[in-house]
Amino acid sequence: MGPIESVDTAEALAALLRQLRRRAARRDGGAQLTYRQLSARTGWAHGVIGDYFAGKTLPPTDRFDTLVQLLGATGRELRMLATARDRVEEARRSRTPVNGRTGPAGQDDAGPLPSVPRQLPPDIPGLPGRERELAALDVLRPGPRGSGPAVVALDGPGGVGKSALAVHAAHRLAERFPDGQLYADLRGSHRDERPVPPAVVLRRFLSALGAPRPYTGSAEDAAAAYRTLLTERRVLIVLDNAVDAAQVRPLLPAAHGCAVLVTSLGVLATLNGAAHLHLTPLPPPASVAVLGLWAGPGRLAAEHGAAQVIARHCGHLPLALRIAGARLAARPRWPVRELADRLADPTRRLAELSFADLDMHAALAAAHRELQARGPAGRAAARALPLLAAEQGEEGEEREQAEHGEHGEQRELTVARAAETTGGALSATEVILEQLVDVQLLESHAPGRYRFHPLTRLFALTARRAAGTGC
C-alpha cells in the first residue's frame, strides 16, 4: 500500500481505499468486492460507497473505520489511516469557501462558518421491498459545475409510504451533501390544515442557512436570497407532501451542488427538470416483513399464514401494514389470527386500520379533498366515485381472489362501463375517470382501462356523504 503519511486530500485517501480493495482481492484469491456487496454488508447506499472510492465524499469517522476494516487493514494501518482521514478533514476545512472567500481556518477576515442545517426527521431503521426505488434515487448527487440541481419527485396514493421512503433515502445519501439537509412538510395532504405557502418555507430555510436576521422582504426577494446562499454549497432539500408544482418551484435552488427530493399525492408533471418515481404497493413478501417490523421480533413466526392474510387485507400498503403491526404490538396476548379475522370483514376493514394517530381512512381522504378542490369537474368526479366503486362490487372481487389467488386480475372499468354506471356521456365520463387517476383514487395501467386499489375502493364506497358535505 502507498505512503499514508503524506495523504491530505480526499482523492489521495480514496486511492488508498482502492489499493486496500485490490489487496484484499489478491489475498482472498477472488474478485474485488463490488459496491453492491459492500452495501449489503454495511447497509449504506452503494452510490455513496462509490463516492467514497472516487474521492467525491469523505466518509465520516465511524464509516471510514468500518470500511477499512472490511478491506482488511491491519491494526497499525487502521491507526495510520484514521490519522490520515482526520488530516484530510482538517485540510478541507481550511480550504472551505467562507462568505465567498477562501482562506485558512481562523483567518480574521474570513467571517463566521456557514450554518450547516441537519433537519431530516428520524429515519426508519429498515424499508423492506423498496430496493429498486432506493437504487433509482441514487441520481440525487451534486452535479458538475454548469448543471442544475438534481430533482426527483415521488408520487403515489395515500399510505404507499412516500414520506418514509424520502426520509430514509435522504439519510442514506446525506453524506454527499456536507453543507446540510433541509426539510419541510408542505402540508399538502393534511386534514384541516392549509398547505404551507412557499414564502413561509423560504424564511425558515434562510434562517437555517445562517441568514443574519429574520427575512422580511417579498417572496421573490426571499427566493433570490435563498438561491444565493446555496450557490457554493452542497445541500439536500426534502420537500414533503407538496400540493402542486407551483408550491415547489420557489423552493428549488439553482446550484449544481444541491439536490431536491419532493413527495406528492399526484404527479408533479410540470416541475421542470424533475425525474419522476411512481410508488406502488409492496410485493407480498416485503409486506409481511414490514408487518413484522412493527409487530415486533418473532411475533409472526408461528402464524405466518395469518400474517399473509393481514398483508393482503392491508392491500400491501406500508401505512396500513404499520397500523396493523402497531395494533399487534399493543395487544401482545392476541393471536395474529384475531386481527386477520377482524380485517376479513370489508365493511369494517378501514375502521380496523386505525390506531393512535395513524388512520388509513384519513390518508385516503386527502385525495378526496384534493378532488373537491378542483372545481366543477372535480366535484363531479367525487359524486361519481361511490357509484363506480359499487359497480365493481366486493363480492366479485372476493370471488376472483378465491378463484385466481392474490394476484388474479381485477375486473377493470372501461369508459363505456363507467358511463353506463353514472349515466353520463362518454367524453364527460373519461374526464371524470382521469380526474380520479390524477388524485390516485383510480389506477390506469393502460389507456381507457381503470381499476381501484382494494382499500381505495372501500374508501370510495363511503365517499357519497363526504362528497355532499365537503369533508
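Which residue in β3 does Asp 185 stand opposite? That partner is Asp 240. Keep in mind while browsing that this is a predicted model.

## The chain at a glance

Let's start with the overall picture. The chain has 471 residues, and 48% of them count as buried. Its fold is built from 22 helices and 10 strands. If you take the contacts between residues at least 6 apart in sequence, 70% join residues at least 24 apart.

## How far to trust it

On confidence, the chain averages a pLDDT of 86, with 89% of the residues scoring at least 70. Two stretches deserve some caution. Over residues 394–409 the pLDDT stays under 50, and the model has 18 contacts beyond four places in sequence for that stretch. Residues 465–471 also stay under 50, with 11 such contacts in the model.

## The five-stranded sheet

One open sheet holds five strands, paired in parallel and ordered β2-β3-β4-β1-β5. At its edges sit β2 and β5 (274–278), each of which pairs on one side only. Going from one strand to the next, the twist averages 15°.

Now back to β2, home of the residues 181–185. Its neighbour β3 covers residues 236–242, and the two run parallel, joined by five bridges. Gln 181 stands opposite Leu 236, while Asp 185 stands opposite Asp 240.

Is this edge strand covered or bare? It is mostly covered, with five of its five residues buried. That goes for both faces: Gln 181, Tyr 183 and Asp 185 are buried on one side, and Leu 182 and Ala 184 are buried on the other.

## The three-stranded sheet

A second open sheet has three strands in the order β8-β10-β9, and here the pairing is antiparallel. The edges belong to β8 (413–414) and β9 (443–446), each pairing on one side only. Two bridges connect β9 with β10 (residues 449–451) in the antiparallel sense. Look for Glu 443 and you'll find its bridge partner, Arg 451, in β10. Helix α20 (residues 426–438) packs on this sheet, touching β8, β9 and β10, and its direction makes about 50° with that of β10.

Strand β8 includes Thr 414, which is worth clicking on. Its side chain reaches the backbone nitrogen of Arg 417 at 3.2 Å. Leaving aside residues up to four places away in sequence, Thr 414 touches Leu 433, Gly 448 and Arg 449.

## Helix α19

Which residues of α19 (residues 415–422) are buried? They are Val 415, Ala 418 and Ala 419. Viewed down the axis of α19, these buried residues fall within an arc of 100°, so they line one face of the helix.

What covers them? The cover includes α17 (375–392), β8, α20 and β10. Just past the end of α19 comes Gly 423, which takes a positive phi of about 80°.

Key:
Residues numbered from 1 in each chain as written. Heavy atoms only, no water. Buried < 20%, exposed > 50% of the residue type's maximum accessible area, 1.4 Å probe, protein only. Helix = DSSP H or I, 4+ residues; strand = E, 2+ residues; numbered from the N terminus. Pairing = 2+ DSSP bridges. Contact = heavy atoms within 4.5 Å. Axes fitted to C-alpha atoms, helices over the stretch in contact; angles between N-to-C directions. Polar contact = N/O pair within 3.5 Å; in protein donor to acceptor, adjacent residues only side chain to side chain. Arc of directions from axis to C-beta. pLDDT = per-residue confidence, 0-100.
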